[in-house]
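Student: I've just opened this one and don't know my way around yet. Could we go through it together?

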Amino acid sequence: MNSTPNIMKVGMGIAFIAAILALVGMAFDWKGTVESATFVGFDMLIATMFFAVGGCFSSRSPVKANTVVVLSVVAIICTIIAAIVGAMNPAAAVGFIIVGIILAVIGNTDSVRNYVDQNRLA
């Protein structure tokens, strides 16, 4: 088994930081009312998607290499939808979109694709 590429470690760190920031956003959106549940749900969805992307960058990834890019794109789409419905601050949404693009690019590099396809759990 090859050693994990450093770019995967960076991708995992970026994804986990983004997920934690989405959880912080979730705490700020909670107003103690039923009306705020939708906003909290969007933040939780975005956090979950970034945690999933971070898990894909682990040394024994449970998915194929293409799935890393797909999950990054899904995180971007969820962020765009959250911004459109007003569940997320536009500046935060732009930040999450940029992070999602960075993660998609990292997931699409040759070293990550080769490593994930060779070492993933079957």
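Tutor: Sure, and let's start with a term: a nonpolar core is a set of buried Ala, Val, Leu, Ile, Met, Phe, Trp, Tyr and Cys residues joined through side-chain atoms within 4.5 Å. Keep in mind that this is a predicted model.

Student: Okay, so which residues have the most contacts inside the largest nonpolar core?

Tutor: That core has 30 residues. Helices α1, α2, α3 (65–84), α4 and α5 each supply at least two of them. The residues with the most contacts inside the core are Ile 46, Phe 50, Phe 57 and Leu 103.

Student: And which helix gives the most to this core?

Tutor: We've already met five helices that each bring at least two residues. The top giver, with seven residues, is α2.

Student: How confident is the predictor, and which element has the highest mean pLDDT?

Tutor: Across the protein chain the average pLDDT is 90, and 97% of the residues score at least 70. Among the elements, helix α5 (residues 110–119) has the lowest mean, 88. The highest mean, 96, belongs to helix α4 (residues 90–107).

Student: What kind of aromatic pair do Phe 16 and Phe 51 form?

Tutor: The count comes to two aromatic pairs. In the one made by Phe 16 and Phe 51, the rings are 5.8 Å apart centre to centre, with 50° between the planes. Planes under 30 degrees apart would count as stacked and over 60 as edge-to-face, so this pair is tilted.

Student: Where do those two sit, and how many residues apart are they?

Tutor: Phe 16 is in helix α1 and Phe 51 is in helix α2 (residues 37–56). The pair links distant parts of the chain, and the separation is 35 residues.

Student: Is Phe 51 buried, partly exposed or exposed?

Tutor: Buried means under 20% relative accessible area and exposed means over 50%. Phe 51 has 34% relative accessibility, so its label is partly exposed.

Student: Which element gives the largest share of the nonpolar surface patch?

Tutor: The patch covers about 650 Å² and is made by Ile 17, Ile 20, Leu 21, Leu 23, Val 24, Phe 28 and Phe 51. One of its members, Phe 28, counts as exposed at 63% relative accessibility. The largest share, six residues, comes from α1.

Student: Last one: how far is the C-alpha atom of Ala 27 from that of Ala 83?

Tutor: Ala 27 lies in helix α1 (residues 6–29), and at 55% relative accessibility it counts as exposed. Ala 27 and Ala 83 are 56 residues apart along the chain, and their C-alpha atoms are separated by 17 Å.

Key: Residues are numbered from 1 along each chain as its sequence is written. This is a predicted model: local features need pLDDT of at least 70, side-chain atom pairs count only at pLDDT 80 or more; totals for chains, interfaces and linings use all residues. Side-chain values use heavy atoms; hydrogens and water are left out. Helices (H or I, at least four residues) and strands (E, at least two) are DSSP runs, numbered from the N terminus. Buried means under 20% relative accessible area, exposed over 50%, partly exposed in between (1.4 Å probe, protein chains only). Rings of Phe, Tyr and Trp (its six-membered ring) pair if their centres lie within 6.5 Å; planes under 30 degrees apart count as stacked, over 60 as edge-to-face and the rest as tilted. Patches are made of residues with over 30% relative accessible area and no salt bridge: like charges are joined within 9 Å, nonpolar side chains (Val, Leu, Ile, Met, Phe, Trp, Tyr) within 5 Å. Accessible areas come from the Shrake-Rupley method with a 1.4 Å probe; for residues, only the protein chains shown count as cover. A salt bridge is a side-chain nitrogen of Lys or Arg within 4 Å of a carboxyl oxygen of Asp or Glu. pLDDT is the predictor's confidence in each residue, from 0 to 100.
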